[in-house]
Amino acid sequence: MRAGRRAPDGICQTRPRAARWEARFAADTPAYASAVARMGLRSGQTALDLGCGTGRVLPALRAEVGEKGTVLGVDVTPAMLTAAAREGRDGGLAHLLVADCLRLPLPSGTVDGIFSAGLLDHLAEPAAALREWARVVRPGATLLLFHPSGRAERAARHGRPPSPDDPLAEPNLRPMLTAGGWRMDEYDDARAYFLTRAVRTG
């Protein structure tokens, strides 16, 4: 269960899922690291992973911002962050926060880059989320939306074509980003991955 979503069966029901999460998606780690490299982060900056799960992308973010930078991992499910800590992804590597991505416990204008994988299209209010994420970043900050498979491939797994109502479809995502204070400068819905890069305006 990712940031911004409520666990319908209770937190205790997510513990087995969190324990399996790392092993299930470990093979995707290089793809996540390649995506992070496209964010343009610099040493000393602050990076935020929204819906961080077990934190597989946190080492890549730390490598980009260096020892003097700050890395934050946010997830709504404590069990996921417990699993992240068990993998050694807390302490000096990152600060882990239990929080809803629609109400981030962060001051305005303090983040230089946001990474979010497989989260936005699962939120009940994606437009509100983008506005909140814009609040916490500095002008010129980067937002990278990522998934290690493309929209068509994910839809095919469910035996259907991609939905025109999908928030990640470019005709829906571009105006939603603009209204939220972001400028889309890259949209790549490939077979093997989905990636959108946007920059905070203003």
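**Notes on a predicted seven-stranded sheet model**

1. Let me start in the interior. The largest nonpolar core holds 32 residues, and Leu48 and Trp133 have the most contacts inside it. Eight elements are named as giving two or more residues to this core: β1, β2, β4, α5 (126-136), β5, α7, β6 and β7. Helix α5 gives the most, with six residues. Please keep in mind as you read on that this is a predicted model.

2. Trp133 deserves a look of its own. Not counting residues up to four places away in sequence, Trp133 touches Leu50, Cys101, Leu104, Ile114, Ser116, Leu119, Leu120, Leu123, Leu143, Leu145 and Trp182. Apart from the core of Trp133 lies another core, of 19 residues, among them Val57, Leu58, Leu61 and Leu195. As general background, nonpolar side chains tend to be buried together in soluble globular proteins.

3. How much of helix α5 is covered? Eight of its eleven residues are buried, so the helix is mostly covered. The buried residues are Pro126, Ala128, Ala129, Leu130, Glu132, Trp133, Ala134 and Val136. Their cover includes β1, β4, β5, α7, β6 and β7.

4. Now the overall layout. The chain has seven helices and seven strands, and along the sequence they follow the pattern α-α-β-α-β-α-β-β-α-β-α-α-β-β. Of the 202 residues, 50% count as buried. The accessible surface comes to about 9,300 Å², with 51% of that belonging to carbon and sulfur atoms. Among contacts between residues at least 6 apart in sequence, 67% join residues at least 24 apart.

5. The strands form an open sheet of seven, in the order β3-β2-β1-β4-β5-β7-β6, with mixed pairing. Strands β3 (95-98) and β6 stand at the edges; each has a single partner strand, so one side of each is left without a neighbour in the sheet. On average, neighbouring strands of this sheet are turned by 15° against each other, direction ignored.

6. Which strands give a parallel pairing over four bridges? Strand β1 (residues 46-50) and strand β4 (residues 111-117) do. In this pair, Leu48 stands opposite Ile114 of β4. Leu48 is one of the two residues with the most contacts inside the largest core, and Ile114 is among the residues that Trp133 touches.

7. Two helices that pack on the sheet are worth viewing together. Helix α4 (residues 78-86) touches β2 (70-75) and β3, and its direction makes about 165° with that of β3. Helix α7 (residues 170-179) touches β5 (137-147), β6 and β7, and its direction makes about 160° with that of β6. Within α4, Ala79, Met80, Leu81, Ala83 and Ala84 are buried. Gly88 follows α4 and has a positive phi, near 80°.

8. Strand β6 (residues 182-189) and strand β7 (residues 194-200) pair in the antiparallel sense over seven bridges. The two strands form a hairpin with four residues between them. Met184 has Ala198 of β7 as its bridge partner.

9. Arg197 is a charged residue I would check by eye, and its place is in strand β7. Is Arg197 buried or exposed? Its relative accessibility is 17%, so Arg197 counts as buried, the cut-off being under 20%. The side chain of Arg197 makes a polar contact of 2.6 Å with the side chain of Asp185, and another polar contact, of 3.4 Å, joins the side chains of Arg197 and Thr142. Leaving out residues up to four places away in sequence, Arg197 touches Arg38, Met39, Thr142, Leu143, Leu144, Arg183, Met184, Asp185 and Glu186.

10. Asp112, in strand β4, makes a good companion case. Its relative accessibility of 15% is why Asp112 counts as buried. A polar atom of the Asp112 side chain lies 2.8 Å from the backbone nitrogen of Thr46. Setting aside neighbours within four places in sequence, Asp112 is in contact with Leu41, Gln45, Thr46, Arg138, Ala141 and Thr142. Thr142 also appears among the residues that Arg197 touches.

Key. Residues numbered from 1 in each chain as written. Predicted model: local features only at pLDDT ≥ 70, side-chain atom pairs only at ≥ 80, totals over all residues. Heavy atoms only, no water. Buried < 20%, exposed > 50% of the residue type's maximum accessible area, 1.4 Å probe, protein only. Contact = heavy atoms within 4.5 Å. Areas by Shrake-Rupley, 256 points an atom, 1.4 Å probe, with all protein chains shown as cover. Pairing = 2+ DSSP bridges. Polar contact = N/O pair within 3.5 Å; in protein donor to acceptor, adjacent residues only side chain to side chain. Axes fitted to C-alpha atoms, helices over the stretch in contact; angles between N-to-C directions. Core = buried A, V, L, I, M, F, W, Y, C linked by side-chain atoms within 4.5 Å.
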